[in-house]
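Here's a small set of exercises to work through with the model open in your viewer. Try each task before you read its solution.

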Amino acid sequence: MCKNRRINAIEEESDSEDELYIGCIENQKKSENSWMVNLNLNGKNQKFKLDTGAQANVIPYKVLKLVKGDTKIIPSKTRLVTYSGEKMDVLGKCYINVSHKDKIERMEFAVVNFNAQCILGLSACEKLNLINRVMSVEKSAESILKENSDLFDGIGN
């Protein structure tokens, strides 16, 4: 069905339409530029791409079938929208206990029926302490220049 489509949004069809952005869902290719992390889903380890631009979490049905426990797919009107505007239905949504190190959270996932990467969106990344916002830098400009002098040497000082 879906070979190599790139998804850029999730859209909820209801009285109050919400459009949730997803940067990219693609076949499970290895990318050196991707931030990947192993997470525990109800006792099953699974690799996820951390996507701080995504507003939702995504899991393929074939991965969901491997997750232990009573993980039910709940009907949902959520649809994925590709960069070209093509809309793709999802099977539904589910809730899974996700753990990383000492953090455990029950999280919502959009379930898709094609070969895609497992995606962990911004909110989930923050809840599991996988990322955090840095609002200020504690070092002076002089100390940064000194520590990284090799970067500030030559043409274009």
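Among contacts between residues at least 6 apart in sequence, 59% join residues at least 24 apart. Keep in mind that you're looking at a predicted model.

**Exercise 1. Get the overall layout**

Work out how many helices and strands the protein has, and in what pattern they follow one another.

Solution. Start with the count: there are 3 helices and 10 strands. Next, walk along the sequence, and you get β-β-β-β-β-α-β-β-β-β-β-α-α. Then turn to burial: of the 157 residues, 38% are buried. Finish with the outside, where the accessible surface comes to about 10200 Å². Carbon and sulfur atoms account for 46% of that surface.

**Exercise 2. Find the aromatic pair**

Find which rings make up the aromatic pair, and decide whether the pair is stacked, edge-to-face or tilted.

Solution. A pair of aromatic rings is described by the distance of the centres and the angle of the planes. The count here comes to 1 aromatic pair. That pair is Phe-48 with Phe-109, with ring centres 5.8 Å apart and planes at 50°. Stacked needs planes under 30 degrees apart and edge-to-face needs over 60, with the rest counted as tilted. So at 50° the Phe-48 and Phe-109 pair is tilted.

Now place the two rings. Phe-48 sits in strand S4 (residues 44-50) and Phe-109 in strand S9 (residues 103-112), so the pair ties together parts that are 61 residues apart in sequence. Both Phe-48 and Phe-109 are buried.

**Exercise 3. Check the cysteines**

Say how many disulfides the structure holds, then look at whether Cys-94 is buried or exposed, and do likewise for Cys-118.

Solution. A disulfide is a covalent bond between the sulfur atoms of two cysteines. This structure holds 0 of them. For burial, the cut-off is under 20% relative accessible area. Cys-94 has 0% relative accessibility, so Cys-94 is buried. Cys-118 has 3%, so Cys-118 is buried too.

**Exercise 4. Go through the salt bridges**

List the salt bridges and sort out how exposed each partner is, beginning with Lys-103.

Solution. Side chains of opposite charge can pair when their charged atoms come close. There are 3 salt bridges to find.

- Step one: Lys-103 pairs with Glu-105 at 3.7 Å, N to O. Lys-103 is partly exposed at 26% relative accessibility, and Glu-105 is partly exposed at 23%.
- Step two: Glu-126 pairs with Arg-133, and their closest N and O atoms are 2.9 Å apart. Glu-126 is partly exposed at 27%, while Arg-133 is exposed with a relative accessible area of 59%.
- Step three: Lys-139 pairs with Glu-147 at 2.8 Å, N to O. Lys-139 is partly exposed at 47%, while Glu-147 counts as exposed at 52%.

Why do Lys-139 and Glu-147 get different labels? The exposed class starts over 50%. Lys-139 has 47%, so it stays partly exposed, whereas Glu-147 has 52% and so counts as exposed.

**Exercise 5. Follow strand S8**

Compare the surroundings of Tyr-95 and His-100.

Solution. Begin with Tyr-95, in strand S8 (residues 92-100). Tyr-95 is partly exposed, at 29% relative accessibility. Leaving out residues up to four places away in sequence, Tyr-95 touches Thr-71, Ile-74, Arg-106, Met-107 and Glu-108. As for Ala-110, the C-alpha atoms of Tyr-95 and Ala-110 are 9.1 Å apart, with their positions 15 residues apart along the chain.

Move on to His-100, also in strand S8. His-100 has a relative accessible area of 17%, so it is buried. Again leaving out residues up to four places away, His-100 touches Val-37, Asn-38, Leu-39, Leu-128 and Leu-130.

**Exercise 6. Spot the nonpolar patch**

Work out which residues form the nonpolar patch on the surface, and where Leu-145 is found.

Solution. The patch is made of Val-137, Ile-144, Leu-145, Leu-151 and Phe-152. Together these residues have about 480 Å² of accessible area. Now zoom in on Leu-145, which is found in helix H3 (residues 141-147). Leu-145 has a relative accessible area of 44%, so it is partly exposed.

Technical notes. Residues numbered from 1 in each chain as written. Predicted model: local features only at pLDDT ≥ 70, side-chain atom pairs only at ≥ 80, totals over all residues. Heavy atoms only, no water. Helix = DSSP H or I, 4+ residues; strand = E, 2+ residues; numbered from the N terminus. Buried < 20%, exposed > 50% of the residue type's maximum accessible area, 1.4 Å probe, protein only. Contact = heavy atoms within 4.5 Å. Areas by Shrake-Rupley, 256 points an atom, 1.4 Å probe, with all protein chains shown as cover. Patch = residues over 30% accessible without salt bridge, like charges linked within 9 Å, V, L, I, M, F, W, Y side chains within 5 Å. Salt bridge = Lys/Arg side-chain N within 4 Å of Asp/Glu carboxyl O. Phe/Tyr/Trp six-rings, centres within 6.5 Å; stacked < 30°, edge-to-face > 60°. Disulfide = S-S within 2.5 Å.
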